Amino acid sequence: MTVLKRYVLRLFISLKYITANVVDRNNGRIVASASTVEHSIKENLECGRSCNAKAAVVVGEVLAMRLKVEGLDQGQERGIHVDVNKEIAKKGLVSRTKVWGIVNALKNNGVKLILDDDSNNASPSSKY
């Protein structure tokens, strides 16, 4: 049975900025977003450091608040899907504390996350 992943967390981490989006896969649009590019978030970070683990936690907390305002903190009872291992593999091991910072901030603020692990379902030939 295929699990429908309607809402998915997508992360963008560069050397300067961190952006977290929750994407509605049915409509192909972003339903909530938070980023260190935003002036209100950037000015509250210490020393202007907009791309470290503390900044990632702030982005996660802001995204959680925005999801609650939109009424999507439970992902319409299905949750918001995130594949942490895939995000870490794409961003590199250096960014793993930032990825986990965002995920933990969302969980601590009451957002229902479903942690996916697609590596167990893939056959060895499909990885290449």
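**Entry 1: the end of helix 3**

I began at glycine 92, which follows helix 3 and has a positive phi, near 95°. The model I am reading is a predicted one, and I keep that in mind for every value noted below. From there I went back along helix 3, residues 84–91, and looked up which of its residues are buried, finding Val84, Glu87 and Ile88. These buried residues cover an arc of only 100° around the axis, which puts them on the same side of helix 3. On the face turned away from that buried side I noted the exposed residues Ala89 and Lys90. I then asked myself what the buried residues of helix 3 pack against. The partners I found are strand 1, strand 4, helix 4 (96–108) and strand 5.

**Entry 2: the charged residue on the buried side**

Glutamate 87 held my attention, since it counts as buried at 1% relative accessibility and yet carries a salt bridge to arginine 10, with the closest N and O atoms 3.7 Å apart. That pair links distant parts of the chain, with glutamate 87 in helix 3 and arginine 10 in strand 1, 77 residues apart. Arginine 10 itself is partly exposed, with a relative accessible area of 29%. I also found the side chain of glutamate 87 in a salt bridge with that of lysine 91, at 2.8 Å from N to O. Here both residues lie in helix 3, 4 residues apart, about one turn of the helix. Taken together, I recorded Arg10, Glu87 and Lys91 as linked in a network of salt bridges.

**Entry 3: the other salt bridge I followed**

The structure holds 4 salt bridges, and another one I looked up joins aspartate 24 to arginine 6, with the closest N and O atoms 3.1 Å apart. Aspartate 24 lies in strand 2 and arginine 6 in the segment before strand 1, so the pair ties together parts that are 18 residues apart in sequence. I checked the accessibility of aspartate 24 as well, and at a relative accessible area of 1% this residue is buried.

**Entry 4: the sheet**

Next I traced the sheet, which is open and made of 5 strands in the order 3-2-1-4-5, with mixed pairing. Strand 3 (29–35) and strand 5 (113–115) stand at the edges with a single partner strand each, so one side of each is left without a neighbour in the sheet. I noted an average twist of 30° from one strand to the next.

Which sense does each pairing of strand 1 take, parallel or antiparallel? With strand 2 I found antiparallel pairing over 7 bridges, where valine 8 stands opposite valine 23 of strand 2, and a hairpin joins strand 1 to strand 2 through 4 residues. With strand 4, strand 1 pairs in the parallel sense over 2 bridges, and there tyrosine 7 has isoleucine 80 as its bridge partner. I also wrote down that 5 of the 7 residues of strand 1 are buried, so this strand is largely enclosed by the rest of the structure.

Further along the order, strand 4 (residues 80–82) pairs with strand 5 in the parallel sense over 3 bridges, and isoleucine 80 stands opposite leucine 113 in strand 5. I then turned to helix 2 (residues 53–70), which packs on the sheet and touches strand 1 (7–13), strand 2 (18–24), strand 3 and strand 4, its direction making about 140° with that of strand 3.

**Entry 5: the nonpolar core**

As background for this entry, I recalled that nonpolar side chains tend to be buried together in soluble globular proteins. In the largest nonpolar core I looked up which of the 31 residues touch the most other members, and these are Leu9, Ile18, Val22, Leu63, Leu67, Ile80 and Leu106. At least two residues of this core come from each of strand 1, strand 2, strand 3, helix 2, strand 4, helix 3 and helix 4. Helix 2 gives the most, with 7 residues.

I ended with valine 22, asking which residues it touches once those up to four places away in sequence are not counted. The contacts I listed are Tyr7, Val8, Leu9, Arg29, Ile30, Val31, Ala32, Leu63, Leu67 and Ile80.

Key
Residues are numbered from 1 along each chain as its sequence is written. This is a predicted model: local features need pLDDT of at least 70, side-chain atom pairs count only at pLDDT 80 or more; totals for chains, interfaces and linings use all residues. Side-chain values use heavy atoms; hydrogens and water are left out. Two strands pair if DSSP finds at least two bridges between them. Axes are lines fitted to C-alpha atoms, for helices over the stretch in contact, and angles run from 0 to 180 degrees between N-to-C directions. Contact means heavy atoms within 4.5 Å. Buried means under 20% relative accessible area, exposed over 50%, partly exposed in between (1.4 Å probe, protein chains only). The arc is that of the directions from the helix axis to the C-beta atoms. A nonpolar core is a set of buried Ala, Val, Leu, Ile, Met, Phe, Trp, Tyr and Cys residues joined through side-chain atoms within 4.5 Å.
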